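Subject: Structure handover

Hi there,

Here is the structure I promised to pass on to you. Please open it alongside this email, and my notes will follow below.

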Amino acid sequence: MLILGIESSCDETGLALYDTEAAGSFAPGASSKGSWNPASGLLTHALHSQIEMHREYGGVVPELASRDHIRRLIPLLGEVLNRAGKDKHDIGAVAYTRGPGLAGALLTGTAMANALAMALGKPVIGVHHLEGHLLSPLLSANPPAFPFVALLVSGGHTQLMRVEGVGRYELLGETLDDAAGEAFDKTAKLLGLPYPGGPAVSALAEQGRHGAVTLPRPMLHSGKLDFSFAGLKTAVLAQARHLPASDPEAEQARADLACGFVDAVVDVLGDKSAAALKQTGLKTLVVAGGVSANKQLCAALAAKAKKSGWKLHFPELALCTDNGAMIALAGALRLQADAEAADWSYTCDVQPRWPLEDLVGA
Ligand code: KG4
Ligand code: ZN
């Protein structure tokens with residue numbers, strides 16, 4: 001079956017076409033071995049990022065995001081159909097991001113998905129955005145096998161999950177305040193870097209000296225798998241006030257501070273992931289969400305994995321941040337795991353706040 005995936009939860013409009021037959025046979029909870037190769041189901045995906053538009057405001061402006069999604073959705077649909085050599089009547093089901101995210105932005109993709117599916121006489125599948133991220137590493141050349149521990153690090157969430165299979169998730173720990181991506185974005189602002197902060201802070205940190213600035217590692221020794229990043233941001237704020245004003249000293253000091261911040265985040269994420277693997281007895285760590293694109297995090301986790309003998313999986317770089325491919329995949333897997341995921345009611349009820357644990361057993 002051909003699944004159209006639509007993502008519009010924040011500042012990226014993403015559409016994708018996923019062919020379940022091309023991926024081979026899938027059984028719920030199956031490992032990605034044998035005849036199932038999830039990556040080969042992805043026929044194409046197209047993305048429009050609104051980053052440039054929001055940059056002058058220093059962050060996402062929800063109303064502008066919604067209006068831009070409306071402008072992009074239909075042209076992107078034409079683009080993916082053209083690229084895959086398909087017609088809209090070939091679509092068997094439409095998967096869309098139902099939440100969590102910005103209400104207005106979610107409504108645009110939801111309305112398009114429901115209207116299109118109704119016109120075609122096909123079902124819709126409302127996908128949880130984080131489930132999309134969680135499953136996105138399955139689209140890589142070397143997909144993980146279930147079960148695994150997932151470290152979900154995005155702009156709005158930081159969670160450790162035990163993943164037994166599609167829809168079988170257990171929350172192990174999460175942030176009590178800011179998400180890791182949010183901490184990157186806020187630190188970027190304090191350092192005078194543009195939105196989105198993650199890539200900019202990461203690039204500046206590469207010029208910094210390890211240990212020149214040492215920042216706190218919140219909750220590192222709490223014995224729990226929860227996180228807290230708000231205090232780290234406050235520590236950056238305190239240090240930023242004392243940055244020297246003159247060049248080139250100022251540039252090096254900013255880079256040292258960025259480096260100290262990245263080292264602290266990476267240390268906390270790495271140690272908590274290791275603790276989650278130890279607690280669950282699992283040997284595979286899957287990292288997903290926008291912060292999984294972070295070079296320093298990849299390098300640190302790769303070193304830990306090598307030392308401890310874990311398997312480590314990331315999404316393809318282009319699929320770390322928001323995209324339609326992960327939504328098409330999640331919709332396809334939901335449908336294959338449970339035929340009742342096909343929804344014919346065509347209601348546009350988005351879920352701006354939607355805990356991933358609500359999906360358990362759903
Ligand atoms: O998953 P995502 O695209 O959107 C949400 O679901 O939130 O994640 C966006 C977040 C932003 O906070 C952004 O700064 C962060 O991911 N991010 C990064 C990098 N690329 C994106 N953080 C650190 N390093 C990066 N290279
Ligand atoms: Zn996301």
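To start you off: how far is an oxygen atom of ligand 1 from a polar backbone atom of G155? The distance is 2.8 Å. Please keep in mind throughout that this is a predicted model.

**Ligand 1**

G155 is one of 18 residues that surround ligand 1. It is listed among the closest of them, together with H133, D185, G198 and G290. G290 also offers a backbone N or O atom, which lies 3.0 Å from an oxygen atom of the ligand. A side chain takes part as well: an N or O atom of N294 is found 3.0 Å from a nitrogen atom of ligand 1. On its own, ligand 1 has 550 Å² of accessible area, and the protein covers 87% of that. As for its location, ligand 1 sits in the largest pocket. If you would like to trace the shell around ligand 1 by secondary structure, look at helix 5, helix 6 (180–190) and helix 7 (197–205), each of which supplies at least two residues.

**The zinc ion**

Next, have a look at ligand 2, which is a zinc ion. Its protein donors are H129 and H133, each through NE2, and D322 through OD, lying 2.0 Å from the ion. Along the sequence, these donor residues follow the spacing H-x3-H-x188-D. H129 and D322 thus link distant parts of the chain, 193 residues apart. H129 belongs to helix 5 (residues 129–135), while D322 is in the loop between strand 10 (311–313) and helix 11 (325–337). Are H129 and D322 buried or exposed? Both are buried. You will have met H133 already, as this zinc donor is also among the residues closest to ligand 1.

**Two more residues to visit**

T280 is part of helix 9 (residues 249–280). It counts as buried because its relative accessibility is 14%. A polar atom of the T280 side chain lies 2.8 Å from the backbone oxygen of A276, and the T280 side chain also reaches the backbone nitrogen of L282, at 3.3 Å.

E340 is located in the segment after helix 11. With a relative accessibility of 72%, E340 counts as exposed. Which distance separates the C-alpha atoms of E340 and I125? They are 9.6 Å apart, although the two residues are 215 residues apart along the chain.

Enjoy exploring it, and do write back with any questions.

Best wishes

Definitions and conventions. Residues numbered from 1 in each chain as written. Chains lettered and ligands numbered in written order. Predicted model: local features only at pLDDT ≥ 70, side-chain atom pairs only at ≥ 80, totals over all residues. Heavy atoms only, no water. Donors = N, O, S within 2.8 Å, 3.2 Å for Na, K, Ca; no water. Helix = DSSP H or I, 4+ residues; strand = E, 2+ residues; numbered from the N terminus. Buried < 20%, exposed > 50% of the residue type's maximum accessible area, 1.4 Å probe, protein only. Near = heavy atom within 4 Å. Polar contact = N/O pair within 3.5 Å; in protein donor to acceptor, adjacent residues only side chain to side chain. Areas by Shrake-Rupley, 256 points an atom, 1.4 Å probe, with all protein chains shown as cover. 1 Å grid on protein atoms, 1.4 Å probe; cavity = no way out; pocket = protein on both sides within 12 Å on 5 of 7 lines; lining within 4 Å. Sits in = over half its atoms within 2 Å of the grid points.
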